[in-house]
Amino acid sequence: MAEISATLTTWAPRVRSILRIMTGLLFLQHGTMKYFNFPPTDYFAGGLDNLMKVAGGIELIGGILIIIGLLTRPVAFICSGFAAAAY
């Protein structure tokens, strides 16, 4: 049992980093889709309204900050509130 606990303790920071980076990349992807149309989609071809500009900014800036690990807790709080409101 001690070996399992030691293994989990060793791998926990690595797994959390992978989860943080992947979440940031997903936010970044949605932000770049809104602002730069990358990856290309027809959904935002007609332009963005004000709410979509705010959403894209939160996704773009929040995704970058989460990826680099800067201010992760406040940014994650803002992004999760944004995602809950969008849902």
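This is a short tour of one protein chain, stop by stop.

**Whole chain**

Start with everything in view. The model is predicted. Show it as a cartoon and count the elements: there are 3 helices and 0 strands. Followed along the sequence, the pattern reads α-α-α. The radius of gyration is 16 Å, well over the 12 Å that the globule rule gives for 87 residues, so the chain is more spread out than a compact globule. Turn the C-alpha trace along its principal axes: the spans are about 60 × 25 × 25 Å.

Now switch on the surface. About 6500 Å² is exposed, and carbon and sulfur atoms supply 71% of that area. Of the 87 residues, 23% count as buried. Next, colour by charge. You should find 6 positive and 4 negative side chains. The centres of these two sets lie 12 Å apart.

**Helix 1**

Select residues 2–36, which form helix 1. Pick out Leu19 within this helix. Is Leu19 buried or exposed? Leu19 is exposed, because its relative accessible area is 57% and the cut-off for exposed is over 50%. Now add Gly31, which is 12 residues from Leu19 along the chain. Draw a distance between the two C-alpha atoms: they are separated by 18 Å.

**An aromatic pair**

How many aromatic pairs does a search of the whole structure find? It finds 1. Select Tyr35 and Phe36 and show their rings. The ring centres are 6.4 Å apart and the planes meet at 50°, so the pair is tilted. Check the cover on each partner. Tyr35 is partly exposed, with a relative accessible area of 38%. Phe36 is exposed, at 57%.

**The loop after helix 1**

Move on to Asn37, in the loop between helix 1 and helix 2. Most residues other than glycine have a negative phi, and most peptide bonds are trans. Asn37 has a positive phi, near 50°, and is not a glycine. Asn37 is partly exposed, with a relative accessible area of 33%.

Next, select Phe38 and Pro39. The peptide bond from Phe38 to Pro39 is cis, with omega near -5°. Pro39 also sits in the loop between helix 1 and helix 2, the latter being residues 50–68.

**The loop before helix 3**

For the last stop, select Leu71. Where is Leu71 found? Leu71 is in the loop between helix 2 and helix 3, which covers residues 72–86. Look at the backbone: phi of Leu71 is positive, about 55°, although this residue is not a glycine. Leu71 is exposed, with a relative accessible area of 55%.

Terms used: Residues are numbered from 1 along each chain as its sequence is written. This is a predicted model: local features need pLDDT of at least 70, side-chain atom pairs count only at pLDDT 80 or more; totals for chains, interfaces and linings use all residues. Side-chain values use heavy atoms; hydrogens and water are left out. Helices (H or I, at least four residues) and strands (E, at least two) are DSSP runs, numbered from the N terminus. The radius of gyration is taken over C-alpha atoms; the globule rule is 2.2 Å times the number of residues to the power 0.38. Buried means under 20% relative accessible area, exposed over 50%, partly exposed in between (1.4 Å probe, protein chains only). Accessible areas come from the Shrake-Rupley method with a 1.4 Å probe; for residues, only the protein chains shown count as cover. Lys and Arg count as positive and Asp and Glu as negative; His and the chain ends are not counted. The place of a charge is taken as NZ of Lys, CZ of Arg, CG of Asp or CD of Glu. Rings of Phe, Tyr and Trp (its six-membered ring) pair if their centres lie within 6.5 Å; planes under 30 degrees apart count as stacked, over 60 as edge-to-face and the rest as tilted.
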